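Grab a pencil and let's work through some aromatic rings together. Each exercise comes with a solution, one step at a time.

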Amino acid sequence: MGMEQLVAQARTALAEEPDPWAAFARFLRNALSAQGAVGPLLPLVGGRLTATDEIVAASSRLRAALDDLVDGAHRAGALRADFTSADVPLLLEHLTARIPVTDERATTLHLRYLDLILAGLRTSTTDGPTALQSPAPDWAELSELWNAAEG
């Protein structure tokens, strides 16, 4: 399942990277690089899924892992304060657009744009980032996007 793979990537980055920013960036790079021939991981978890107990539990584990990544980067002062863990799934979705090139080239391009995004997300000691113009999504909003009504 895509959510479990993302959880594993987040937990591995947190365990192996002592620097919170490095863990955050590594997770995003690994999530983009792991998409392979099947396409982005997030569409496997995105869309409208019936909110079964298994899906709700997996979503909760993903949220906790992303909270840990983002909170660590915030505490380290490396990640802009107005970026939230709920931004991560949609950021990955945007960064994994299907491009009519080979899988390898698509991954290279996705990682290029990730580097641009990371530069904008990282705080600077000399000149802080400008405020974002819209509010972050919240987890309830993402749940409405992902989960179809049972019926």
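**Exercise 1.** Which residues do ring pairs link into a cluster?

*Solution.* A quick note before we start: this is a predicted model, where local features need pLDDT of at least 70, side-chain atom pairs count only at pLDDT 80 or more, and totals for chains, interfaces and linings use all residues. Residues are numbered from 1 along each chain as its sequence is written, and side-chain values use heavy atoms, leaving out hydrogens and water.

Step 1: Look for aromatic pairs; there are two of them (rings of Phe, Tyr and Trp, the last by its six-membered ring, with centres within 6.5 Å).

Step 2: Join them up, and you get a cluster of Trp21, Phe24 and Phe83.

**Exercise 2.** Work out how the rings of Trp21 and Phe24 are arranged.

*Solution.* Step 1: Recall that a pair of aromatic rings is described by the distance of the centres and the angle of the planes.

Step 2: For Trp21 and Phe24, the centres are 5.5 Å apart and the planes are at 45 degrees, so this pair is tilted (under 30 degrees is stacked, over 60 edge-to-face, the rest tilted).

Step 3: Find them in the chain: both sit in helix α2, three residues apart, about one turn of the helix (helices are DSSP runs of H or I, at least four residues, numbered from the N terminus).

**Exercise 3.** Is Phe24 buried or exposed, and how is its ring set against that of Phe83?

*Solution.* Step 1: Phe24 has a relative accessible area of 1%, so it's buried (under 20%, with a 1.4 Å probe and protein chains only).

Step 2: The rings of Phe24 and Phe83 have centres 5.8 Å apart and planes at 80 degrees, so they pair edge-to-face.

Step 3: This pair links distant parts of the chain, since Phe83 is in the loop between α4 (53-75) and α5 (87-95), 59 residues from Phe24.

Definitions and conventions:
Buried < 20%, exposed > 50% of the residue type's maximum accessible area, 1.4 Å probe, protein only. Helix = DSSP H or I, 4+ residues; strand = E, 2+ residues; numbered from the N terminus.
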